[in-house]
Amino acid sequence: MDLSRAEILKLARKAAAEHPGARIHFKFTCAKCGERCVLEEADTLYQRGICFKCGSDSPIEKAGFLVIGDASEKAEGGVR
Ligand SMILES: [Zn+2]
């Protein structure tokens, strides 16, 4: 389950503060096929995302995120 944009942005900012130097990649669920997709550009939560699997353009109303590149640590925020 994903969280609302407001909630996930709040958590992402907290994660970014806790992991200096790390990149945040937001994830969303494709409205068409249900695939979990990751936005390519770090630290950016777009309004819409293209599904890498089916190519569908989904509005991103809810999202999760990944924290990548904080030295050896790899943490995950939100819920898969
Ligand atoms: Zn899809």
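Select S4 first: with 11 C-beta neighbours inside 10 Å, S4 counts as exposed, because the limit for that class is 12 or fewer. The residue belongs to strand β1. Keep S4 on screen and add A63, which lies 59 residues away along the chain. Their C-alpha atoms are 6.4 Å apart.

Now colour by confidence, since this is a predicted model. The mean pLDDT over the chain is 90, and 86% of the residues reach at least 70. Strand β1 (residues 3–4), where the tour began, has the highest confidence, at 97. The lowest is in strand β7 (residues 73–77), with a mean of 55. Where pLDDT is low, predicted coordinates should not be read in detail.

Switch to a cartoon view. The chain has 1 helix and 7 strands, and their order along the sequence is β-α-β-β-β-β-β-β. Of the 80 residues, 22% are buried. Among contacts between residues at least 6 apart in sequence, 50% join residues at least 24 apart.

Next, select the largest nonpolar core: I8, A12, I24, F26, F28, C37, L39, I60, A63, F65 and L66. The elements that each supply two or more of these residues are α1 (5–18), β2 (23–29) and β6 (62–70). In soluble globular proteins, nonpolar side chains tend to be buried together. A63, the residue paired with S4 in the opening step, is a member of this core.

Centre on F26. Which residues does F26 touch, leaving aside those up to four places away in sequence? The contacts are L39, L45, A63 and F65.

Stay with β2 and show the whole strand. β2 is mostly covered, with 6 of its 7 residues buried. Add β3: the two strands run antiparallel and are joined by 3 bridges. To see a bridge between them, pick K27, whose partner in β3 is V38. Then follow the hairpin of β2 and β3 through the 6 residues between the strands. G34 in this hairpin has a positive phi near 80 degrees.

Finish at D43, in the loop between β3 (36–38) and β4 (48–50). Is D43 buried, exposed or partly exposed? D43 is partly exposed, because 13 other C-beta atoms lie within 10 Å, and the class falls between 12 or fewer for exposed and 20 or more for buried. Check the backbone here as well: phi of D43 is near 60 degrees, a positive value in a residue other than glycine. Most residues other than glycine have a negative phi.

Terms used: Residues are numbered from 1 along each chain as its sequence is written. pLDDT is the predictor's confidence in each residue, from 0 to 100. Helices (H or I, at least four residues) and strands (E, at least two) are DSSP runs, numbered from the N terminus. Two residues are in contact if their C-beta atoms, placed from the backbone, lie within 7 Å. A nonpolar core is a set of buried Ala, Val, Leu, Ile, Met, Phe, Trp, Tyr and Cys residues joined through C-beta atoms within 7 Å. Two strands pair if DSSP finds at least two bridges between them.
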